[in-house]
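Reader: I am new to this structure and would like to be guided through it by questions. Please show it first.

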Amino acid sequence: MNNKLPLSMGWFCPTIGDTTAFGDPSKNIPQSLEHFEKVTRAAEDAGFEYMLIPVSAVCWDAWVVASYLASRTEKMKMLVALKPGHVHPVVHYINLIAGVSEKDAYAEGLVVAKEDRYDQLLEEVELMKRLWTEQNVEHEGKYFQVHGPKILPKTFQQPHPPFFLGGGSEQAAEISAKHSTTHLFWGDYPERIAEQIVEMRERAAKYGRENDINFAMRLQIICRETEEEAWAAADALIAGAENSDLAASVKLAAQSSSVASQRAAELSKTVGRKMTPHLWTGITEVRPGAGVAVVGNPEQVAAQLLEFVDAGCSGFCLSGYPHDEEAERFGRLVMPLLRR
Ligand SMILES: Cc1cc2nc3c(=O)[nH]c(=O)nc-3n(C[C@H](O)[C@H](O)[C@H](O)COP(=O)(O)O)c2cc1C
C-alpha cells in the first residue's frame, strides 16, 4: 500500500442511486448518506484519492454530500461537479461541466443554450481564480458582478483548487486548454483518445499550458476473478435494461446538444456492445453519461487501463455496480497490478 501509484485515481459517488441490476427495482440501493459513506470508505481503502460527486436534478446535492463525506473519511478528496450558474462563484469548487440537459437548465431557471452555458462557465472559472488569488476583486461581467467580496476561509490548495473539466465539444476543449488541470474523457477507443490528447495539448500550448494539463478517463469497471464471471456480471447488470427508469434519460441525453453524450450514443449504436475484447458499451444503454466499461479479469482490466496510459492519460475516474463492492474488488485485484 505504501508504494504510491504514479496515476491519479478517482472513484464515483452514486448520488444518483446504485443498483446491482438496472430495471429491477428490487435490486436498487436507495440514495442515502450511509451508502455514499460505505462507497467512499471502500474507495479510500482501495487506494483511490478522490471521489467525483455528480450533479443533476436526480442526484442528491453535491455540496452537502461532499461536505459530509469529507468529514467522515481520512484522506479522501472531493471533486464536486459544477454547472454554470448553479452556485454563485463566491462559494464553490469544481469539476466544470456545462450540463447535459437543456430541459433541466430551462426548468432550473439557468442559461439554456449550450454555447451560453459554456460562455457563463468560462466567466465563472476566470472569476473563481481571481477570487481565490486576489483581494478586493471588482468584476462587472455578463453573468456576474462582484465588488470586493470576502472569501473565507482561504482555499486549502494554493493558489487555488485544481479544475477538472468534462465535455466533448470545441468549447469544452477550449476552456479546458485554458483552465483545467485535468481534462476528463468518457470511454472511447484508446487510439481516438490519443489523437484528442495531441490536439488538446496543441490547444493548451496557445496558452503556454501544454505541460500543465493532464488527461484522465472516466470509465466503468466490471472486474471479477475470471473473465467468464466478469461477462456474466456485465450481462446481469443490464438484463432488465429496457425497464430501467434511466433508459428514458439515456434517450434524452442522446438527443441533447452534448457532443460527449452524442458520442456515447453513437458508440452504443454503431459498434455493438463490444468495442474491443474488453471495452463494452452495455451500460450506455441504461445510464446517461459515463457508460463505457472495462470488463475482464484483473490482468485484462489492468492491461486495458494501461492502454489508456500509453495513449497519454495519467489518471482514471472510475465506477462500478454496486459502487462499494466494485471499489473493494478493484483495490484488492487491480490496484496491485497497476502498482507493479
Ligand atoms: C467526465 C465527465 C463528467 C460529467 N459529469 C456531469 C455531471 O455530473 N452532470 C451533468 O449534468 N453532466 C455531466 N457531464 C456532461 C457534460 O455536462 C456534457 O458533456 C455537457 O453537455 C457538455 O457538452 P459537450 O460534450 O458538447 O461539450 C460530464 C461529462 C464528462 C465528460
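Reader: Which element gives the most residues to the shell around the ligand?

Author: This is a predicted model, in which local features need pLDDT of at least 70, side-chain atom pairs count only at pLDDT 80 or more, and totals for chains, interfaces and linings use all residues. Residues are numbered from 1 along each chain as its sequence is written. Helices (H or I, at least four residues) and strands (E, at least two) are DSSP runs, numbered from the N terminus. Strand E10 (182-186) and helix H9 (259-270) each give two or more residues to the shell, and the element that gives the most, with three residues, is H9.

Reader: Which residues come nearest to the ligand?

Author: A residue is near a molecule if its C-beta atom, placed from the backbone, lies within 6 Å of it. Of the 22 residues around the ligand, those that come nearest are Pro54, Gly166, Gly167, Ser169 and Ser258.

Reader: On the same side of H2 or on opposite sides: where do the buried residues of this helix lie?

Author: A residue is buried if 20 or more other C-beta atoms lie within 10 Å of its own, exposed if 12 or fewer, and partly exposed in between, with C-beta atoms placed from the backbone. The buried residues of helix H2 (residues 62-72) are Ala62, Val65, Ala66 and Leu69, whereas Val64 and Ser71 are exposed on the other side. The arc, taken from the directions from the helix axis to the C-beta atoms, is only 95° for the buried residues, which therefore lie on the same side of H2.

Reader: Which elements do the buried residues of H2 pack against?

Author: Two residues are in contact if their C-beta atoms, placed from the backbone, lie within 7 Å. The buried residues of H2 pack against helix H1 (33-46), strand E4 (50-53) and strand E5 (77-82).

Reader: Which strand gives the largest share of the largest nonpolar core?

Author: A nonpolar core is a set of buried Ala, Val, Leu, Ile, Met, Phe, Trp, Tyr and Cys residues joined through C-beta atoms within 7 Å. Of the 92 residues in the largest one, those touching the most other members include Leu219, Ile221 and Ala293. The largest share of this core, seven residues, comes from strand E11 (residues 214-223).

Reader: What is the omega of the peptide bond from Tyr321 to Pro322?

Author: Most peptide bonds are trans. Pro322 is found in the loop between strand E15 (315-319) and helix H11 (323-339). The bond from Tyr321 to Pro322 is cis, with omega near -20°.
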